Amino acid sequence: MNHQNQKNEARIGEASRRFLDVIDQPGVHPLIRVASEFFGVPVLLTDERFRIRSVWPRDGTGVEELDDSIRGGSIKAEREWEILDENLSGVNAFYEPFYASTGICARLPRIYGELVWENEVRGHVIVYLGRRPFQQDDLDIVRKLVNLLGLKLRRHQVGMDRWTATLQAKLEVLLDPSTPPQVRQPAVDLLQQEIKGEYGIMVTTIGARASQRAFADYAVSQIQQRFRNVVVLVYDEAIVTLFGEVKRNAVDSQLRPENNELVKWLFRYFEQYDLVSGLSDQFADLDSIYLRYRRALLTARMVERVKGQHYGIFRDFMPMPMLAAVLATETAETFIDPLLYEIRDYDEKNQTEYFQTLFRYAVELYDKDAAAAALSIHKNTLSYRLNRIAELFHVDFSDRRVRLNLELSCFLWFLNNNPDRPAADYEKRD
């Protein structure tokens with residue numbers, strides 16, 4: 001990491017620490033005040049119609065246009081929409097924080113952020129930089145400010161107590177991999193005091209429909225009120241549920257709905273609303289929460305991709321989530337063994353079924369009984385086909401590296417070519 005990146009991370013971390021110091025204070029004014037003091041310039045929060053909700057300094061900002069707006073109780077919506085039109089493409093329904101320094105903003109550069117809740121704009125944050133130089137990490141800091149303001153807004157709307165909102169803010173800090181250690185550790189300490197281990201994380205993707213987004217905040221409040229030892233929030237277009245008191249079972253130590261009533265309830269609860277969930281493995285150290293969150297998120301995305309069910313467990317889907325992550329940056333063909341294409345072409349030419357035989361044998365981890373049952377053929381028939389595959393295509397099934405390569409290639413083939421097959425068809429069996 002170069003020196004500039006270290007400085008940026010330290011500055012973002014300091015902003016996060018200051019914001020979190022006032023997150024449990026009532027209202028939005030403390031956050032706006034701290035943001036203004038951090039940036040050293042006026043900061044404004046409006047509602048969706050650009051009516052002023054909070055500003056710091058409260059008077060005498062030194063910005064003539066802002067002081068006029070404060071006296072009038074709102075800023076000119078027409079001018080603001082003109083600024084948004086000038087700086088945004090208009091393709092996306094909502095915008096990420098951006099810096100504006102041209103056109104209307106040439107005389108008074110500023111940063112814009114947007115508060116969104118239940119698929120609707122609920123407010124705007126404006127940082128009037130003026131002559132203060134713009135720094136690239138300013139956008140990250142405004143993004144954190146917007147997230148925390150949104151959290152307080154949702155808390156107010158659903159009647160959530162301040163302490164719950166504080167725990168949500170601490171959890172959000174831990175879900176952000178860029179949070180520096182000096183900010184992470186107090187968050188870990190507080191959550192460990194309030195949520196007793198061991199832990200699990202469930203990630204439920206919200207979906208694109210407005211009804212699903214509107215449901216998310218309702219679900220958060222319902223779960224938070226119904227269960228103890230739980231923290232739930234909406235984060236990055238998903239419902240994230242952290243829960244504790246996961247007890248290990250002498251027979252099955254893995255976290256599963258069969259041995260955890262909360263997990264069973266959550267899976268069923270979200271399923272009835274046609275939402276998809278992924279569950280992490282259990283863990284004892286909250287400092288590893290980002291890792292477990294990513295596992296649960298990738299599992300949820302895996303369930304979405306293969307369809308056929310509404311929830312999945314990380315352990316059951318491996319190595320699928322890992323391979324899906326690979327496919328996000330690389331084509332499947334890069335890693336699939338050319339042998340699979342050769343066998344597929346042979347089948348098409350000779351009306352044989354060697355590809356499906358090899359595929360099933362590989363994904364069943366070379367268990368002949370399981371593969372024969374899945375193919376609905378006799379075990380002797382399976383053995384005959386495997387012998388023919390070995391002879392025709394020179395496959396040495398006794399070579400462990402060959403078996404591993406074929407297994408991974410088959411999983412990649414499935415992800416690349418059969419996204420609509422039920423996930424249960426390809427889960428590992430005990």
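Trainee: Which residues touch the most other members of the largest nonpolar core?
Mentor: This is a predicted model. Its largest nonpolar core holds 56 residues. The ones that touch the most other members are Phe 19, Val 125, Val 127, Leu 149 and Ile 201.

Trainee: Which helix gives the most to this core?
Mentor: The helix in question spans residues 137-157. It supplies 8 residues to the core. That is helix α5.

Trainee: What is Val 127 in contact with, leaving aside its neighbours within four places in sequence?
Mentor: Val 127 belongs to the core residues just named. Its contacts include Phe 39, Val 41, Pro 42 and Val 43. The others on the list are Pro 109, Arg 110, Ile 111 and Val 142.

Trainee: How many residues are in the other core?
Mentor: That core lies apart from the largest one. Among its members are Leu 323, Tyr 354, Ala 371 and Phe 393. Its count is 38 residues.

Trainee: At what angle do helix α12 and helix α17 pack?
Mentor: Helix α12 covers residues 320-327, and helix α17 covers residues 400-417. Their axes lie 10 Å apart, and their crossing is right-handed. The angle is about 65°.

Trainee: Which residues in α17 meet those in α12?
Mentor: Start from the α12 side, with Met 320, Leu 323, Ala 324 and Leu 327. Leu 323 is also a member of the 38-residue core. On the α17 side, the residues are Leu 408, Phe 411, Leu 412, Phe 414 and Leu 415.

Trainee: In what order do the 5 strands form the open sheet?
Mentor: The pairing is antiparallel. From one strand to the next, the twist averages 20°. The order is β2-β1-β5-β4-β3.

Trainee: Which strands stand at the edges?
Mentor: Look for strands with a single partner. Such a strand has one partner, so one side is left without a neighbour in the sheet. The two are β2 (52-56) and β3 (98-100).

Trainee: What is the bridge partner of Val 43 in β2?
Mentor: Strand β1 takes in residues 43-46. It runs antiparallel to β2, and 4 bridges join them. For Val 43, the partner is Trp 56.

Trainee: Which helix packs on the sheet, touching β1, β2 and β5?
Mentor: This helix spans residues 29-39. Its direction makes about 40° with that of β2. It is helix α2.

Trainee: Is Cys 105 buried or exposed?
Mentor: Buried means under 20% relative accessible area. Cys 105 has 0%, so it falls under that cut-off. Cys 410 is also at 0%. Cys 105 is buried.

Methods:
Residues are numbered from 1 along each chain as its sequence is written. This is a predicted model: local features need pLDDT of at least 70, side-chain atom pairs count only at pLDDT 80 or more; totals for chains, interfaces and linings use all residues. Side-chain values use heavy atoms; hydrogens and water are left out. Two strands pair if DSSP finds at least two bridges between them. Axes are lines fitted to C-alpha atoms, for helices over the stretch in contact, and angles run from 0 to 180 degrees between N-to-C directions. Contact means heavy atoms within 4.5 Å. Buried means under 20% relative accessible area, exposed over 50%, partly exposed in between (1.4 Å probe, protein chains only). A nonpolar core is a set of buried Ala, Val, Leu, Ile, Met, Phe, Trp, Tyr and Cys residues joined through side-chain atoms within 4.5 Å. A crossing is left-handed if the near helix is turned anticlockwise from the far one by less than a right angle, and right-handed if clockwise.
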